[in-house]
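Let's take a slow walk through a protein model, strand by strand. Have a look at the picture, and then we'll go through its parts together.

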Amino acid sequence: SGVIFPTVSSGALNLNVGLGGDTQGITILNDGNCGIGTPAPDEKLTVMLGDNQVVEYQSAAQELFQFWKEGSTEEARMNIKHGGATKIHLRGNGDSYFDGGNVGIGVDGPSTKLHVAASSSSSSPDSNTVGTFESSGTTAVTILGGNSSSCAIYMGDDGANKQGQVVYNHSNDTLALSTSATAALTIDSSQ
């Protein structure tokens, strides 16, 4: 068991813990800033975390939200949970994922795994659609590459990842269509 040691210094209320009051607890400054683990909070709430220390928000039944600093790497990580499972995991320098439903950008009711909308087209995507790009006007998806490179769309299956291909070669300005991983048609500017 520990003891709380309240002190007031330069207009700040400090609540230190431990048998000798030597562990930084909570600091409330006279400007209203509050710090946990730091004597000098520079925001309304500043939490100073050590390696792998977690800040967690819970309901009566489960963990809902967590954030922490990963080891000594200074990388921030965050989990949003539902039913005890992580549904959104964000990393400051690594792989992140969304596993709780569809993701919308510019739309609050995404109809596919990824739904990007500039405005509503009043259309519905096919039931097999994984990604939707939508606008009430001209809609485009742009793939950019270097002058001597290619831009491609690959269609694959469990046997091969490039069975169907649409490839634009910037070095000779040709567009090639492939089936069964074999070029079936090449179009250049003369056609």
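Before we start, one definition: two strands count as paired if DSSP finds at least two bridges between them. Keep in mind too that this is a predicted model.

With that in hand, let's look at strand β16 (residues 174-179) and its partner β17, which pair in the antiparallel sense over 5 bridges. Which residue in β17 does Thr-179 stand opposite? Thr-179 faces Thr-182 there. Now step back a little. These two strands belong to an open sheet of 4 strands, in the order β14-β15-β16-β17, with antiparallel pairing. β14 and β17 stand at the edges with a single partner strand each, so one side of each has no neighbour in the sheet. On average, neighbouring strands here are turned by 15° against each other, if you ignore direction. What holds such an arrangement together? Strands of a sheet pair through backbone hydrogen bonds, either parallel or antiparallel.

Stay in this region for a moment and look at the surface. Ile-143, Ile-153, Met-155, Val-166, Leu-177, Leu-185 and Ile-187 make up a nonpolar patch, with about 540 Å² of accessible area together. Which strands each supply at least two residues of the patch? They are β14 (150-155) and β17 (182-187). Val-166, another member of the patch, is found in strand β15 (residues 164-169). Val-166 has 30% relative accessibility, so this residue counts as partly exposed.

Next, go back along the chain to another open sheet. This one has 3 strands in the order β11-β12-β13, and here the pairing is parallel. β11 (103-105) and β13 (131-134) are the edge strands, each with a single partner, so each has one side left without a neighbour in the sheet. Neighbouring strands in this sheet are turned by 10° against each other on average, again with direction ignored. If you zoom in on β11 and strand β12 (residues 114-117), you'll find 3 bridges joining the two parallel strands. Ile-105 is one residue to look for, as it stands opposite Val-116 in β12.

Now for some hairpins. β6 and β7 form one with 4 residues between them. The two strands run antiparallel and are joined by 5 bridges. Try finding Val-54, which stands opposite Trp-68 in β7. Then follow β7 onward: β7 and β8 pair in the antiparallel sense too, over 6 bridges. Their hairpin also has 4 residues between the strands, and Gly-71 takes a positive phi near 50° in it. Across this pairing, Lys-69 has Ala-76 in β8 as its bridge partner.

Lys-69 is worth a second look, because its side chain meets that of Asp-51 in a salt bridge (2.6 Å, N to O). Asp-51 sits in the loop between β5 (45-47) and β6 (54-58), while Lys-69 is in strand β7 (residues 63-70), so the pair ties together parts that are 18 residues apart in sequence. Are the two partners buried or partly exposed? Asp-51 is partly exposed, at 45% relative accessibility, whereas Lys-69 is buried, at 13%.

How many salt bridges does a search of the whole structure find? The count is 5. Another of them links Glu-63 with Lys-81, with the closest N and O atoms 2.7 Å apart. Glu-63 belongs to strand β7 and Lys-81 to strand β8 (residues 75-82), so this pair ties together parts that are 18 residues apart in sequence. Glu-63 is partly exposed, with a relative accessible area of 29%, and Lys-81 is buried, with 15%. Then there is Arg-91 with Glu-75, whose closest N and O atoms are 2.7 Å apart. Arg-91 lies in strand β9 (residues 85-91) and Glu-75 in strand β8, so this bridge connects parts 16 residues apart in sequence. Salt bridges that share partners also join Asp-51, Lys-69 and Glu-74 into one network.

Finally, what about disulfides? A disulfide is a covalent bond between the sulfur atoms of two cysteines. This structure holds 0 disulfides. As for cysteines, Cys-34 counts as buried because its relative accessibility is 19%, under the 20% cut-off. Cys-151 is buried as well, at 11%.

Note on methods:
Residues are numbered from 1 along each chain as its sequence is written. This is a predicted model: local features need pLDDT of at least 70, side-chain atom pairs count only at pLDDT 80 or more; totals for chains, interfaces and linings use all residues. Side-chain values use heavy atoms; hydrogens and water are left out. Axes are lines fitted to C-alpha atoms, for helices over the stretch in contact, and angles run from 0 to 180 degrees between N-to-C directions. A disulfide is a pair of cysteine sulfur atoms within 2.5 Å. Buried means under 20% relative accessible area, exposed over 50%, partly exposed in between (1.4 Å probe, protein chains only). A salt bridge is a side-chain nitrogen of Lys or Arg within 4 Å of a carboxyl oxygen of Asp or Glu. Patches are made of residues with over 30% relative accessible area and no salt bridge: like charges are joined within 9 Å, nonpolar side chains (Val, Leu, Ile, Met, Phe, Trp, Tyr) within 5 Å. Accessible areas come from the Shrake-Rupley method with a 1.4 Å probe; for residues, only the protein chains shown count as cover.
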